[in-house]
Amino acid sequence: MSRRKTERLLNLVICLLATRRPLSAEHIRQAVPGYDADNDEAFQRMFERDKNELREIGIPIEVHKDPWEEDPGYRIVRQAYELPEITLEPDEAAVVGLAAQVWQRASLAEAAGGALLKLRAGGVQTDEAHGVLGGALELRVDTQDASFPALWEAVRDRRVVRFAYRAAASQSMLTRTVEPWGVVSRRGRWYMVGHDRDRDAPRVFRLSRISGTVTPVGRPGAVVVPEGVDITSMVGYRDAAVRERTAVIRVRHDTCQGLRQVAKSARTAGDGWDELEVDFTDPERLAGWIVGFADDAEVLGPPDARDAVICRLKGALA
């Protein structure tokens, strides 16, 4: 199923769950992103297919005929839609809990929220008291690493990927072709574990050191994860040597208040600038924060933290 269709079906479900009264097809057409607003026949065909598909997977779309209205109305009754109480075994509950920690909100949530905004703009009252757009529907990965979505999909599809990677020691950019086994988080950092075809060995890659686009290679299903591999322990071993360091950051007067709040020291540098000392462990994460202050902040040292900021700025310029 295409992403566009998935978003449209999700929007339709949220729309019909949120409304306090049955909605006509025309109301749905105007409220749900993805439907053709100009071609009546195309909309009717698409809407009928969507209703049938949702009903086939067990979502109860009810039809209400108001004697005072010409067209029927549609809605999803919450009591019929919600699952009964579910009892999980301890190991099953642990898996669900882990997933809840990893996923917080999804890119689909922005599109889904558009349906409710259009409903309210059109004068339709929506029921949000039960958290229609709460955590159960809004999923998002808490990471600023641009490579995460592509790598997550590659792991899911068992597909080889190629990307540019900055080595920790030399800071040089190398092209890597990898068979991904998994993507995991460790102490606030994200890593991809897999078989490095260039080194012909298992390797751990920190996502914050991946630069540019992650390119799929070959067909889905080509990657086979070795039996018994423990990617969590592989990442944990790599992360054991992380130590805290101090960055010296030059900031303009009366700017960068967030940096000033976490700085362990601050001094006036003259010419409208101050110098802050900020503790950090990962230069890439520090760089991701610093670039948000634009030209109000400049990392003076250490060199790898300064280089990480310069690399991100050059990437944005390119």
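Biologist: Let's begin with the overall fold. How many helices and strands are there in the chain?
Modeller: Happy to start there, and keep in mind that this is a predicted model. The chain has 318 residues, with buried residues making up 38% of them. Its secondary structure amounts to eleven helices and twelve strands.

Biologist: What share of the contacts with a separation of 6 or more comes from residues 24 or more positions apart?
Modeller: A contact here is a pair with heavy atoms within 4.5 Å. Among the chain's contacts with a separation of 6 or more, residues 24 or more positions apart account for 58%.

Biologist: And the surface: what part of the exposed area do carbon and sulfur atoms supply?
Modeller: The chain exposes about 18700 Å². Of that area, the part supplied by carbon and sulfur atoms is 50%.

Biologist: Good to know. How many salt bridges does a search of the whole structure find?
Modeller: The pairs include Asp196 with Arg176 and Asp274 with Arg260. There is also a network of salt bridges linking Glu26, Arg29 and Asp40. For the whole structure, the search gives 18.

Biologist: Let's look at Asp196 and Arg176. Which strands does their salt bridge tie together?
Modeller: Their side chains meet at 3.1 Å, N to O. The two residues are 20 apart in sequence, so the pair ties together separate parts, namely strand β6 and strand β5 (residues 173-186).

Biologist: Is Arg176 buried or exposed?
Modeller: The cut-off for buried is under 20% relative accessible area. Its partner Asp196 has 1% and so counts as buried. Arg176 has 9%, so this residue is also under the cut-off and counts as buried.

Biologist: How many residues apart are Asp296 and Arg252?
Modeller: These two side chains form a salt bridge of 3.0 Å, N to O. Asp296 sits in the loop between α10 and β12, and Arg252 in strand β9 (residues 245-252); this pair links distant parts of the chain, with a separation of 44 residues.

Biologist: Which class of accessibility does Arg252 fall into?
Modeller: Partly exposed covers values between the 20% and 50% cut-offs. Asp296 falls there with 23%. Arg252 has a relative accessible area of 30%, so its class is partly exposed.

Biologist: What about Asp274 and Arg260: which helix takes part in that pair?
Modeller: The closest N and O atoms of the two are 2.9 Å apart. Asp274 belongs to strand β11 (residues 273-280), 14 residues from its partner in sequence, so the bridge ties that strand to the helix holding Arg260, α9 (residues 257-262). Asp274 is buried at 7%, while Arg260 is partly exposed at 23%.

Biologist: Now the backbone. Which peptide bond is cis, with omega near 5 degrees?
Modeller: The place to look is the loop between β12 (297-301) and α11 (303-317), where Pro302 lies. The cis bond runs from Gly301 to Pro302.

Biologist: What is the phi of Asp200, and of Ala294?
Modeller: Asp200 lies in the loop between β6 (189-196) and β7 (201-206) and is exposed at 60%. Ala294 is in the loop between α10 (283-290) and β12 and is exposed at 53%. Neither is a glycine, yet each has a positive phi, about 55 degrees.

Biologist: Last one: which residues form a negative surface patch?
Modeller: One member, Asp71, is found in the loop between β2 (61-64) and β3 (73-76). At 47% relative accessibility, Asp71 counts as partly exposed. The patch is made up of Asp66, Glu69, Glu70 and Asp71.

How values were computed: Residues are numbered from 1 along each chain as its sequence is written. This is a predicted model: local features need pLDDT of at least 70, side-chain atom pairs count only at pLDDT 80 or more; totals for chains, interfaces and linings use all residues. Side-chain values use heavy atoms; hydrogens and water are left out. Patches are made of residues with over 30% relative accessible area and no salt bridge: like charges are joined within 9 Å, nonpolar side chains (Val, Leu, Ile, Met, Phe, Trp, Tyr) within 5 Å. Accessible areas come from the Shrake-Rupley method with a 1.4 Å probe; for residues, only the protein chains shown count as cover. A salt bridge is a side-chain nitrogen of Lys or Arg within 4 Å of a carboxyl oxygen of Asp or Glu. Lys and Arg count as positive and Asp and Glu as negative; His and the chain ends are not counted. The place of a charge is taken as NZ of Lys, CZ of Arg, CG of Asp or CD of Glu. Helices (H or I, at least four residues) and strands (E, at least two) are DSSP runs, numbered from the N terminus. Buried means under 20% relative accessible area, exposed over 50%, partly exposed in between (1.4 Å probe, protein chains only).
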